[in-house]
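Good morning, colleagues. May I ask you to look at the model on the screen while I go through it region by region.

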Amino acid sequence: MHTDTIVAAATPPGRGGIGIVRVSGPKTPELAAVMLGELPPARQARFARFLDAQGEPIDAGLVLFFPAPHSYTGEHVLELQGHGGPVVMEALVARALELGARRAAPGEFTQRAFLNDKLDLAQAEAVADLIDAGSREAMRAAMRSLQGEFSAMVRGLTEAVIELRTYVEAAIDFPEEEVDFLADRELGERFRVLREHFDGVSDSARQGRLLREGMTVVIAGRPNAGKSSLLNRLAGYDAAIVTPLPGTTRDVVRERIAIDGMPLHVLDTAGLRSGGDLVEEEGMRRAQAEMLRADRVLFVVDAALDPGAAALREERARLPAEVPVTLVFNKCDLAAGLPLADTITGPPRLYVSALSGSGLPELRAHLKHCMGFQSVEGGMISARRRHLDALARARAHTEEAARQLAERRAGELVAEELRGAQQALAGITGEFSSEDLLGRIFAGFCIGK
Ligand SMILES: Nc1nc2c(ncn2[C@@H]2O[C@H](COP(=O)(O)OP(=O)(O)O)[C@@H](O)[C@H]2O)c(=O)[nH]1
Ligand SMILES: [Mg+2]
């Protein structure tokens with residue numbers, strides 16, 4: 001339990017119909033008794049005057065008192081609902097400070113809720129995600145995480161790791177049988193199932209992160225295919241220079257745009273060709289570097305000049321297989337019929353005209369779809385880079401465990417790696433978390449939350 005009492009305005013600064021000041025900590029009942037003349041009954045709205053040191057009313061409104069542990073923070077909490085003006089709010093906060101409270105740091109109420117086991121760390125992060133949600137989808141995903149859906153997935157995965165670890169440790173306890181036991185086909189099968197389990201949770205987390213932080217889309221292709229024109233269409237303004245001269249774009253042009261509230265980082269790049277000058281060469285090098293980091297590459301081809309998308313076939317080898325590609329046939333206004341790319345199994349393809357704007361709604365819908373704006377089974381959750389890193393670490397430990405098993409039949413080492421995996425997963429829900437990590441997470445919150 002914390003020993004100090006914190007106070008902050010929970011409503012945003014500025015003018016509003018109602019402004020709420022929130023107090024949490026052990027001194028809350030005493031503070032309430034002085035400021036209101038008496039301690040309000042638990043969890044019942046009361047009308048009261050909020051008094052200053054002289055007993056004069058600063059403001060009047062509804063009060064709510066939540067005795068510990070049945071409150072947001074798990075401590076005694078008092079909420080004063082006053083008139084929403086900055087001077088009123090500050091006067092109420094100042095009065096609470098006089099009575100022994102201190103100003104709350106950003107996210108400190110939620111941090112206390114976490115420390116008092118009201119929610120785990122992934123849920124606490126979802127509180128901020130819900131407040132920051134930029135679209136309905138992001139909002140719903142954050143709400144699912146807040147209700148513990150993502151935490152439950154991580155717990156399920158943790159249990160699977162523990163089960164496997166227990167199985168292996170049982171083998172170590174009977175050394176004379178260990179070798180046979182570790183050679184067991186079933187163990188290999190269990191690792192396979194665990195790997196699939198990891199894939200499922202990681203996929204959900206990756207989608208959740210895209211929804212929250214936005215997807216990075218790199219527009220690439222040959223010079224003059226219409227990449228910059230496409231960026232300008234998506235952005236809705238002239239972000240990049242467009243000319244009929246090949247090699248116009250030499251640096252990477254970055255634009256942050258939103259499609260129905262969904263954040264998207266779009267990068268326009270220098271056209272890929274051989275025989276450019278030094279500056280263009282550097283531009284191409286950068287274009288290729290950005291493609292490696294992209295969540296998706298929009299590969300633009302001139303539908304009239306390259307109906308078979310030969311350019312993509314030539315570049316595909318240079319792209320890492322895991323970067324998803326969408327083939328965009330541009331300049332369809334010039335192409336006689338719709339070009340037919342050679343195979344049906346290739347990347348998804350779209351037909352647009354950056355000049356006329358035709359096909360752009362389909363492109364936007366496609367990008368939304370790529371970010372998981374389709375009905376995912378069980379629904380989307382919100383997740384962060386931190387969660388993905390922890391999942392990747394846990395998975396690496398699991399792979400190492402499988403390797404130790406396959407190559408050396410080393411039970412102790414297998415168990416040790418699985419312990420590492422378990423610990424990495426525990427970091428997501430915050431069972432093991434450093435002060436430093438907590439500081440970083442809660443610093444991103446607003447004051448009063
Ligand atoms: N007819 C037609 N011309 C286009 C279209 N998109 C771009 N262009 C033209 O193609 C030329 C090259 O465009 P730009 O966007 O600079 O291509 P980039 O080199 O790939 O960035 C310019 O003259 C554009 O006006 C399109 O959809 N239809
Ligand atoms: Mg360009």
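The residues of the shell around ligand 1 comprise seven nonpolar, 10 polar and three charged ones. In this count, Ala, Val, Leu, Ile, Met, Phe, Trp, Tyr, Cys and Pro are nonpolar, Asp, Glu, Lys and Arg are charged, and the others, Gly among them, are polar. The shell holds 20 residues, the closest being Gly226, Lys227, Ser228, Ser229 and Leu355; a residue is near the ligand if its C-beta atom, placed from the backbone, lies within 6 Å of it. Helix H9, residues 227-235, gives the most to this shell, with three residues. Helices (H or I, at least four residues) and strands (E, at least two) are DSSP runs numbered from the N terminus.

A word on conventions. This is a predicted model, in which local features need pLDDT of at least 70 and side-chain atom pairs count only at pLDDT 80 or more, while totals for chains, interfaces and linings use all residues. Residues are numbered from 1 along each chain as its sequence is written, and chains are lettered from A and ligands numbered from 1 in the order in which they are written.

Let me turn to the loop before H9. Arginine 222 is placed in the loop between strand S7 (215-221) and H9. Is arginine 222 buried or exposed? Arginine 222 is buried, because 22 other C-beta atoms lie within 10 Å. The classes are as follows: buried means 20 or more other C-beta atoms within 10 Å of a residue's own, exposed means 12 or fewer, and partly exposed is in between, with C-beta atoms placed from the backbone. Leaving aside neighbours within four places in sequence, arginine 222 is in contact with Gly271, Leu272, Arg273 and Ala311, contact meaning C-beta atoms, placed from the backbone, within 7 Å. Arginine 222 and arginine 273 are 51 residues apart along the chain, yet their C-alpha atoms are separated by 6.1 Å.

Asparagine 224 is found in the loop between S7 and H9 as well. Its phi is near 70°, a positive value in a residue other than glycine. Asparagine 224 is also buried, since 22 other C-beta atoms lie within 10 Å.

Next, the overall division. The protein chain is divided into domain 1 (6-116), domain 2 (127-210 + 382-430) and domain 3 (215-370); these bounds come from an automatic or database domain assignment. The centres of domain 1 and domain 3, taken over C-alpha atoms, are separated by 54 Å.

In the range of domain 1, two places deserve attention. The peptide bond from alanine 68 to proline 69 is cis, with omega near 0°, and proline 69 is in the loop between strand S4 (57-66) and strand S5 (77-84). Leucine 78 lies in S5 and is buried, because 27 other C-beta atoms lie within 10 Å. Beyond four places in sequence, leucine 78 touches Val23, Thr28, Ala32, Val63 and Phe65.

Now the helices. Does the length of H6 bear out its residue count, and what span should its 24 residues have? For residues 149-172, 1.5 Å a residue gives an expected 34 Å, and the end C-alpha atoms are 35 Å apart, so the two agree. The expected span is 1.5 Å times one less than the number of residues. Among the buried residues of H6 are Phe150, Met153, Val154, Leu157, Val161, Leu164 and Val168. An α-helix has 3.6 residues a turn, so residues three or four places apart point the same way.The largest nonpolar core has 115 residues, and those with the most contacts inside it include Val7, Val217, Phe299 and Leu425. H6 supplies the largest share of this core, eight residues. A nonpolar core is a set of buried Ala, Val, Leu, Ile, Met, Phe, Trp, Tyr and Cys residues joined through C-beta atoms within 7 Å.

Leucine 425 is one of the buried residues of H14. Not counting residues up to four places away in sequence, leucine 425 touches Val154, Leu157, Thr158, Val161, Ala390 and Ala394. The 19 residues of H14 (411-429) should span 27 Å, and the end C-alpha atoms are 28 Å apart, which agrees. Glycine 430 follows H14, with a positive phi near 90°.

Before H14, arginine 409 is found in the loop from helix H13 (385-408) to H14. Arginine 409 has a positive phi of about 50° although it is not a glycine. Arginine 409 counts as partly exposed, because it has 17 C-beta neighbours inside 10 Å.

I close with threonine 398, found in H13. Threonine 398 is buried, with 26 other C-beta atoms within 10 Å, and it touches Leu194, Phe198, Leu418 and Ala421, residues up to four places away in sequence not being counted.

Terms used. Contact = placed C-beta atoms within 7 Å.
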